[in-house]
Amino acid sequence: MSNVDFLDCLEEIGLDPDIPLSELPPLLARVLEIVGPASALPPLLITRLGRLATRFSEKQLQKLPLEHLQVMEALGREQDWNMEQLQSLAHGFLSSSRLSVQDLDAIHLVTLGYAVCGLQNVDMEQLLAYEFCSAVLHLGSLALKCTEQQLYTLTRLCTYNDIFGPVSEWTEDIFREMGSVAAGLDDLELSALVKEQIQGLSPLAVSLIHPKKFAVVFSTVQLSLFSWSQAVRVTDQQWKLLDKEQQRALSLVITGDANGTQDYRASNTGHCSLCCVLVYCPLLSAVYQLLTVTFLSSI
């Protein structure tokens with residue numbers, strides 16, 4: 001492929017989720033070979049890199065024009081960063097924009113996206129609560145790579161009386177708005193969740209709770225209140241630390257059979273087989289039976 005054709009296809013390449021991570025570095029290297037070093041990349045081209053941008057080194061990230069909101073927003077929507085890269089993005093944005101943590105409003109936080117986790121815990125404590133909670137609907141939709149302590153700090157920002165109030169008073173809708181950030185609630189808060197609150201806990205938040213914490217905080221009764229979509233997001237690591245009664249409660253939610261296995265659960269977290277679809281969708285099952293009868297009668 002010529003250089004011109006390669007650059008023309010750059011956005012499609014960057015958006016392709018099927019390109020293995022191991023193949024991204026040489027693709028980014030070709031971009032730099034054609035255009036020049038990271039410091040010479042124009043903002044528009046950076047916004048077209050997609051997943052390729054996640055192969056920049058920390059030093060290269062520091063040379064990008066992160067003060068451009070379009071650039072930061074494009075980088076902030078990618079999730080394949082390590083913690084060092086996230087820190088480079090967050091600190092680079094603050095430095096190049098000449099902003100302090102207290103200056104960050106909801107738009108800035110949405111722009112940072114995954115890079116929010118690049119802020120130090122002490123910096124998160126200084127975020128304006130109203131601004132963060134105005135951005136939490138977006139941030140909570142992301143599989144944030146924040147530490148458990150960082151997520152806890154973020155949840156505290158929304159517990160002020162003039163924001164969402166104490167966790168014990170959070171409704172299902174508030175939990176839905178918090179999304180993945182709710183994974184940072186402490187042990188006592190999670191163990192005290194009632195049915196309505198559990199119904200609002202996002203499947204993404206379920207998958208992000210530390211395995212040891214998950215096994216300790218959720219009782220068998222609480223796990224039995226999980227929806228199917230929540231139960232299938234329980235990770236292998238979380239499942240292995242559950243006791244037999246907890247596993248049976250989850251199996252009952254997923255398969256309708258208390259003797260269901262983790263292998264069955266894991267196999268249904270991605271693509272569903274036809275049998276699985278028929279089990280959980282009576283309408284499709286009826287259609288399937290009708291087509292079968294029609295087909296047999298025509299033989």
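**Helical architecture, salt bridges and local environments**

Glu189 is buried in the predicted model, with a relative accessible area of 15%. The value falls below the 20% limit under which a residue is called buried, so the carboxylate-bearing residue Glu189 is assigned to the buried class. The side chain of Glu189 meets that of Arg156 in a salt bridge, with an N to O distance of 2.8 Å. This pair links distant parts of the chain, since Arg156 belongs to helix H11 (residues 148-157) and Glu189 to helix H13 (residues 187-191), with the two positions 33 residues apart in sequence numbering.

The chain as a whole contains 23 helices and zero strands. Of its 299 residues, 45% are buried. The accessible surface comes to about 15,200 Å², and carbon and sulfur atoms account for 57% of this area. When contacts between residues at least 6 apart in sequence are considered, 68% of them join residues at least 24 apart.

Salt bridges were then examined across the model. Side chains of opposite charge can pair when their charged atoms come close. A search of the whole structure finds six salt bridges, among them the pair Arg156 and Glu189 described above. Another is formed by Arg51 and Asp80, whose closest N and O atoms are 3.7 Å apart. Here too, distant parts of the chain are linked: Arg51 is placed in the loop between H4 and helix H5 (58-62), whereas Asp80 is placed in the loop between H6 and H7, the two residues being 29 apart. Arg51 is buried, with a relative accessible area of 11%. Asp80, in contrast, is partly exposed, because its relative accessible area is 25% and the partly exposed class lies between 20% and 50%. A further salt bridge joins Glu73 to Arg77, with a separation of 2.4 Å between the closest N and O atoms. Glu73 counts as partly exposed at 32% relative accessibility, and Arg77 is also partly exposed, with a relative accessible area of 45%.

The surroundings of helix H6 were examined next. In this helix, which spans residues 69-76, the buried residues are Val71, Met72, Ala74, Leu75 and Gly76. These residues pack against helix H4 (43-47), helix H7 (83-97) and helix H8 (106-112). Within H8 lies His108, which is buried because its relative accessible area is 15%, under the 20% limit. Apart from its neighbours within four places in sequence, His108 is in contact with Leu69, Phe93, Leu99 and Asp103. The loop between H7 and H8 holds Arg98. Most residues other than glycine have a negative phi. Arg98, although not a glycine, has a positive phi of about 55°. Arg98 counts as exposed, with 77% relative accessibility.

Helix H10, formed by residues 129-139, contributes Ala129, Phe132, Cys133, Ala135, Val136 and Leu139 as buried residues. An α-helix has 3.6 residues a turn, so residues three or four places apart point the same way. The cover over the buried residues of H10 includes H8, H11 and helix H12 (172-178). Helix H8 thus appears in two settings: the buried residues of H6 pack against H8, and H8 is included in the cover of the buried residues of H10.

Val253, part of helix H20 (residues 244-255), is buried, with a relative accessible area of 18%. The C-alpha atoms of Val253 and Leu225 are separated by 8.1 Å, and the two residues are 28 apart along the chain. With neighbours within four places in sequence left aside, Val253 is in contact with Leu223, Ser224, Phe226, Ser227, Trp228 and Ala231.

At the surface, Asp5, Asp8, Glu11 and Glu12 form a negative patch. Helix H1 (3-8) and helix H2 (10-15) are the elements that give two or more residues to this patch. Asp5 lies in H1 and is partly exposed, with a relative accessible area of 40%. This value satisfies the requirement of over 30% relative accessible area for patch residues, so Asp5 can be part of the patch although it is classed as partly exposed.

Note on methods
Residues numbered from 1 in each chain as written. Predicted model: local features only at pLDDT ≥ 70, side-chain atom pairs only at ≥ 80, totals over all residues. Heavy atoms only, no water. Patch = residues over 30% accessible without salt bridge, like charges linked within 9 Å, V, L, I, M, F, W, Y side chains within 5 Å. Areas by Shrake-Rupley, 256 points an atom, 1.4 Å probe, with all protein chains shown as cover. Salt bridge = Lys/Arg side-chain N within 4 Å of Asp/Glu carboxyl O. Lys, Arg positive; Asp, Glu negative; His and termini not counted. Charge placed at Lys NZ, Arg CZ, Asp CG, Glu CD. Helix = DSSP H or I, 4+ residues; strand = E, 2+ residues; numbered from the N terminus. Buried < 20%, exposed > 50% of the residue type's maximum accessible area, 1.4 Å probe, protein only. Contact = heavy atoms within 4.5 Å.
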